[in-house]
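Q: I'd like to talk through how some helices pack here, and then look at a pocket. Can we start once the structure is up?
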Number of protein chains: 2
Amino acid sequence: MSLEYAILGFLSYGPSTGYDLKRVFDSTVRHFWPADQSQIYRTLNRLGTQGYVGHELVEQEEKPDRKIYHLTEAGREEFLRWLATPHAPDEVREGSLIQVFFAARLPNEEIIRLAELQAEQTRERLQTLEALKPLLEEHAAQIGTRRDVFFWELTLEHGLAMTRAGLKWIESVIRRLKTPGNLPEAD
Amino acid sequence: MSLEYAILGFLSYGPSTGYDLKRVFDSTVRHFWPADQSQIYRTLNRLGTQGYVGHELVEQEEKPDRKIYHLTEAGREEFLRWLATPHAPDEVREGSLIQVFFAARLPNEEIIRLAELQAEQTRERLQTLEALKPLLEEHAAQIGTRRDVFFWELTLEHGLAMTRAGLKWIESVIRRLKTPGNLPEAD
DNA sequence: GCCCTATATAGGACACGTCCTATATAAGAC
DNA sequence: GTCTTATATAGGACGTGTCCTATATAGGGC
């Protein structure tokens, strides 16, 4: 569902091909809504049969013809309707916590090793997010207004805030794991 | 994948039926890994053909026969192998941020209304998580050791930390939206 | 009186997302 | 010289998860 509306949203800035949409996705919303190339094309197809987008064919030699998609009036209306509608939050899925949940089964050193790896991964995500900022600014300059950029940066801020919270948590976990007497021994 | 190992994990505490597993899920890991009833049964089935679990039939009248599942030796080994293996973090999917991303298209009051709804939903999740604590303690008393409970509570802590971070973020967003001159007008 | 919940399992249909492959060519990396 | 990247679209196969329904009965709420 969300992918559909993300695509309509980007098309509301102007016509685009599936290929370009994929690139815009990767440099803007990827950190909270990754999109597969294959799925973008399939979704554009579906949006077409629903009458929310149309496209013009531009013939090319030696490459597949480009399909330049644009919003229809119905598409713009549907997008704005969705945008103004409150939605239930997505359910959280954090597989790494399953490992934490059952970690009592492992020896202490093993747990600490895994926790430190997770801390490392979180730090990497922090860097990825920080590296996203310039990409986002770039696209902002090309397709967004200053008002758009305000909200784009809010989503990045959200990612940073959540990742920092995750890092704090795992670091505090590691500290407690290393403090003697904190972690009950296996019976 | 994760569901498979969560089931093996719970069966490592002792035999159980699909029905009981569903209830244990809902009161322990649901907040980071929700599981559908239907899917639990199908997964138990698959784990059976893989040789990781076995079951005994207990006949009942007027109700479907109970299948009491238990871990096989292969299942226990596979679970421990997985538990000690580092995994790549799950990708984040936060559909509500798509709305934020395109919010510039909406009038200011509308955005504030939506943001306040989201803050409210976040506060509700906070309450849900806090209500989970006693349920978790209950199951802890029944099937877990003190060492288990330590980790179970860590996952709950994680949920609380993330939710509080999300709440802080959305509250700061609302504050900024309400501060005049902060939010650029539409061109 | 009817609906919901509890107990217990199971399967069809479907939505959504991922992975891999195909088609075509050219430029640049190593 | 081979491999990767860029350009551009598309489909098969599969994995995972959701929703709804069926079966069977009893008890509690409104």
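**Helix packing and a pocket**

Q: How do helix 2 and helix 3 of chain B lie relative to each other?
A: Helix 2 of chain B and helix 3 of chain B are oblique to each other, and it should be said at the outset that this is a predicted model. Helix 2 (residues 18-28) and helix 3 (residues 37-49) of chain B pack at an angle of about 125 degrees, their axes being 10 Å apart.

Q: Is that crossing of helix 2 and helix 3 of chain B left-handed or right-handed?
A: The crossing of helix 2 of chain B and helix 3 of chain B is right-handed.

Q: And which residues make the contact?
A: From helix 2 of chain B come Gly18(B), Tyr19(B), Leu21(B), Lys22(B) and Phe25(B), and from helix 3 of chain B come Gln37(B), Ile40(B), Tyr41(B) and Leu44(B). By class, this contact has 6 nonpolar, 2 polar and 1 charged residues.

Q: What about helix 2 of chain B against helix 6 of chain B, what's the angle there?
A: Helix 2 of chain B packs with helix 6 (residues 108-143) of chain B at an angle of about 135 degrees, with the axes 8 Å apart, which makes helix 2 of chain B oblique to helix 6 of chain B.

Q: Who touches whom in that one?
A: Helix 2 of chain B contributes Arg23(B), Val24(B), Asp26(B), Ser27(B) and Thr28(B), while helix 6 of chain B contributes Leu132(B), Leu135(B), Leu136(B) and His139(B). These residues divide into 4 nonpolar, 3 polar and 2 charged.

Q: Switching to chain A, how are helix 1 and helix 2 of chain A arranged?
A: Helix 1 (residues 2-11) of chain A and helix 2 of chain A pack at an angle of about 105 degrees, with their axes 11 Å apart, and are therefore roughly perpendicular to each other. Leu3(A), Ala6(A), Ile7(A), Phe10(A) and Leu11(A) of helix 1 of chain A meet Leu21(A), Val24(A), Phe25(A) and Thr28(A) of helix 2 of chain A.

Q: What's the class make-up of that contact?
A: The contact of helix 1 of chain A with helix 2 of chain A has 8 nonpolar, 1 polar and no charged residues.

Q: Now pockets: what volume does the second largest pocket have, and what lines it?
A: The second largest pocket has a volume of about 280 Å³ and is lined by 13 residues, of which Tyr19(A), Tyr41(A), Asp65(A), Arg66(A) and Lys67(A) lie nearest its centre. Helix 2 (18-28), helix 3 (37-49) and strand 2 (66-71) of chain A are the elements that give two or more residues to the lining, which by class has 4 nonpolar, 4 polar and 5 charged residues.

Note on methods. Residues numbered from 1 in each chain as written. Chains lettered and ligands numbered in written order. Predicted model: local features only at pLDDT ≥ 70, side-chain atom pairs only at ≥ 80, totals over all residues. Heavy atoms only, no water. Axes fitted to C-alpha atoms, helices over the stretch in contact; angles between N-to-C directions. Helix = DSSP H or I, 4+ residues; strand = E, 2+ residues; numbered from the N terminus. Parallel < 35°, antiparallel > 145°, perpendicular 65-115°, else oblique. Left-handed = near helix turned anticlockwise from the far one by under 90°. Contact = heavy atoms within 4.5 Å. Nonpolar A, V, L, I, M, F, W, Y, C, P; charged D, E, K, R; others polar. 1 Å grid on protein atoms, 1.4 Å probe; cavity = no way out; pocket = protein on both sides within 12 Å on 5 of 7 lines; lining within 4 Å. Points joined across faces, edges and corners; volume = space filled by probe spheres on them.
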